[in-house]
Amino acid sequence: MKVNEIFLSIQGEGISTGYPTVFLRLAGCNLRCRYCDTSYSYAEGEEMTVEEVFKKVTSYGYKRVCLTGGEPLLQQEIKILLAALKEYEINIETNGSVDICLFPLGENHRFTMDIKTPSSGEADSNCLSNFKYLREKDEIKIVLGDYQDYLWARDLLKQHYKKGIITFSPIYNRIDPKKIVQWMLEDRIDARFQLQLHKILWHPEARGV
Ligand SMILES: C[S@@+](CC[C@H](N)C(=O)[O-])C[C@H]1O[C@@H](n2cnc3c(N)ncnc32)[C@H](O)[C@@H]1O
Ligand SMILES: Nc1nc2[nH]cc(C(=O)O)c2c(=O)[nH]1
Ligand code: SF4
Ligand SMILES: [Mg+2]
């Protein structure tokens with residue numbers, strides 16, 4: 001597996017925000033979101049065997065893992081890793097462009113699937129058939145840069161949403177986060193608003209946190 005970084009921090013995003021979590025960031029991505037805060041993961045990485053990754057991830061003594069990147073679903077070996085970590089609570093941050101039905105998940109594992117909005121420049125990459133494979137416990141994450149993105153996302157959800165926990169969040173430093181809250185409440189949207197907690201606690205460009 002090509003690994004960009006492995007570190008222990010607290011989960012800064014999504015429904016497990018605040019819990020100690022081991023982060024496994026795989027290298028390489030098939031998209032180029034304009035706002036991407038992790039472009040250092042596109043090329044930088046070290047080849048590690050699944051056994052080496054397993055050893056490192058389990059060495060921290062926490063049973064909560066965030067598998068991210070780059071795009072983690074581009075590396076087939078994650079299937080072996082997920083099987084080895086079947087008792088671990090794992091969320092897989094995926095960009096929504098990869099067919100998730102090729103990665104059936106166990107009870108303790110869930111997807112956090114982005115829907116790429118127009119501001120990302122990658123809205124044509126969304127694999128919309130993924131909506132039918134998401135379960136109640138999976139997350140659908142929508143990162144917004146402006147009102148156009150919000151309207152676009154609201155309409156897309158109306159058409160395609162089936163199951164899963166929806167979160168809205170801002171592109172960091174691009175939009176006043178309060179505006180998103182205001183739009184959600186005006187439209188009586190029953191979704192979760194979130195900020196990237198790690199960027200509040202540490203420098204927004206800090207790595208390994
Ligand atoms: C770096 S990506 C890696 C996983 C996968 N490639 C994806 O896009 O979901 C992890 C999460 O960070 C979010 N993200 C990246 N840059 C961001 C930024 N500048 N502001 C807010 N969220 C950002 C992405 O939308 C995604 O939900
Ligand atoms: N603390 C912390 N929480 C995170 N949740 C998702 C992250 C990611 O980069 O995918 C991330 C990250 O980079 N740091
Ligand atoms: S898909 Fe994720 S890692 Fe890839 S460019 Fe977009 S935000 Fe960055
Ligand atoms: Mg991040």
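## Predicted model: sheet, core and ligand shells

In this predicted model the mean pLDDT of the chain is 98, and 100% of its residues reach 70 or more. The model scores are ipTM 0.99 and pTM 0.98.

### Sheet

The order of strands is E3-E1-E2-E4-E5-E6-E7-E8-E9, an open sheet of 9 strands with mixed pairing. E3 and strand E9 (192-193) stand at the edges with a single partner strand each, so one side of each is left without a neighbour in the sheet. Strands of a sheet pair through backbone hydrogen bonds, in either the parallel or the antiparallel sense.

Four of the pairings, starting from the E3 edge, are set out below.

| Strand pair | Sense | Bridges | Example of bridge partners |
|---|---|---|---|
| E1 (residues 2-10) and E3 (residues 46-47) | antiparallel | 2 bridges | Lys2 and Glu47 |
| E1 and E2 (residues 20-26) | antiparallel | 7 bridges | Ser9 and Thr21 |
| E2 and E4 | parallel | 4 bridges | Val22 and Val65 |
| E4 and E5 | parallel | 4 bridges | Arg64 and Glu89 |

Strand E1 thus takes part in two of these pairings: with E3 over 2 bridges, and with E2 over 7 bridges. Strand E2 is in turn joined to E4 by 4 parallel bridges, and E4 pairs with E5, also in the parallel sense. Strand E4 (residues 64-68) is mostly covered, with 4 of its 5 residues buried.

### Nonpolar core

Which residues have the most contacts inside the largest nonpolar core? They are Leu24, Val65, Leu67, Ile142 and Leu144, in a core of 33 residues. Val65 is also the bridge partner of Val22.

Leu144 can be followed further through its contacts. Leaving out residues up to four places away in sequence, Leu144 touches Thr117, Asp149, Tyr150, Ala153, Phe168, Pro170, Ile171, Ile175 and Ile180.

### Ligand shells

Ligand 1 has 17 residues around it, of which Asp37, Thr38, Glu93, Asn95 and Tyr172 come nearest. Strand E5 (89-94) and strand E7 (139-144) are the elements that give two or more residues to this shell. By class, the shell around ligand 1 has 6 nonpolar, 6 polar and 5 charged residues.

The shell around ligand 2 is made up of Ser9, Ile10, Gln11, Gly12, Glu13, Phe23, Thr38, Cys66, Thr68, Glu93, His198 and Val209. The elements giving two or more residues to the ligand 2 shell are E1 and E4. Its classes are 4 nonpolar, 6 polar and 2 charged residues.

Around ligand 3 lie Cys29, Leu31, Arg32, Cys33, Cys36, Thr38, Gly69, Gly70, Glu71 and Asn95. The ligand 3 shell has 4 nonpolar, 4 polar and 2 charged residues.

Some residues recur between shells. Thr38 is among the residues that come nearest to ligand 1, and Thr38 is also listed around ligand 2 and around ligand 3. Glu93 is one of the residues nearest to ligand 1 and is found around ligand 2 as well. Asn95 is likewise one of those nearest to ligand 1 and belongs to the shell of ligand 3.

### Two residues outside the buried class

Is Pro204 buried or exposed? Pro204 counts as exposed because it has 11 C-beta neighbours inside 10 Å, where the limit for that class is 12 or fewer. Pro204 lies in the segment after helix H5 (197-201). Not counting residues up to four places away in sequence, Pro204 touches Tyr172 and Lys199. Tyr172 is itself one of the residues that come nearest to ligand 1. The C-alpha atoms of Pro204 and Phe131 are separated by 31 Å, and the two residues are 73 residues apart along the chain.

Ala84 lies in helix H2 (residues 78-84). Ala84 is partly exposed because 15 other C-beta atoms lie within 10 Å, a count between the limits of 12 for exposed and 20 for buried. The C-alpha atoms of Ala84 and Arg32 are separated by 31 Å, with their positions 52 residues apart along the chain counted as the separation. Arg32 is one of the residues around ligand 3.

Terms used: Residues numbered from 1 in each chain as written. Chains lettered and ligands numbered in written order. Predicted model: local features only at pLDDT ≥ 70, side-chain atom pairs only at ≥ 80, totals over all residues. Near = placed C-beta within 6 Å. Nonpolar A, V, L, I, M, F, W, Y, C, P; charged D, E, K, R; others polar. pLDDT = per-residue confidence, 0-100. Core = buried A, V, L, I, M, F, W, Y, C linked by C-beta atoms within 7 Å. Contact = placed C-beta atoms within 7 Å. Pairing = 2+ DSSP bridges.
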